[in-house]
Amino acid sequence: MLDRMKESSGSVLGFRFDGKLSESDYATILIPELERAMEENRNVRLLLKIEGFRSWRPGEGWEASSSGPG
């Protein structure tokens with residue numbers, strides 16, 4: 001589960017991540033908030049508070065890349 005911290009404002013974003021990070025949380029919460037902040041601010045600071053981490057399934061929240069080093 002991913003929640004935006006109420007103390008977040010402007011160019012400073014904080015999120016609390018508990019348990020498993022789902023692709024839905026990544027795509028519907030984290031990315032839109034980061035994109036909005038980057039459009040409005042030159043620099044963005046991000047805090048991720050991770051509690052009770054259990055798993056992050058391969059492929060969730062990350063695009064698979066077939067390209068490797070040179």
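On the surface of this predicted model, Leu46, Leu48, Ile50 and Phe53 come together as a nonpolar patch with about 380 Å² of accessible area between them. Patch members have over 30% relative accessible area and no salt bridge, with nonpolar side chains (Val, Leu, Ile, Met, Phe, Trp, Tyr) joined within 5 Å and like charges within 9 Å. A salt bridge here is a side-chain nitrogen of Lys or Arg within 4 Å of a carboxyl oxygen of Asp or Glu, and areas follow the Shrake-Rupley method with a 1.4 Å probe, counting only the protein chains shown as cover for residues. Phe53 sits in strand E3 (residues 45-55) and is partly exposed, at 47% relative accessible area (buried is under 20%, exposed over 50%, partly exposed in between; 1.4 Å probe, protein chains only).

As for the overall layout, one helix and three strands turn up, in the order β-β-α-β from the N terminus (DSSP runs numbered from the N terminus: helices H or I of at least four residues, strands E of at least two).

Inside, the largest nonpolar core has eight residues, among them Leu2, Phe15 and Ala37. Such a core is a set of buried Ala, Val, Leu, Ile, Met, Phe, Trp, Tyr and Cys residues joined through side-chain atoms within 4.5 Å. Strand E2 (12-20) and H1 each give two or more residues to this core. Asp25, in helix H1 (residues 23-40), counts as buried too, at 15% relative accessibility.

Residues are numbered from 1 along each chain as its sequence is written. Local features need pLDDT of at least 70 and side-chain atom pairs 80 or more, while totals for chains, interfaces and linings use all residues, and side-chain values use heavy atoms, without hydrogens or water.
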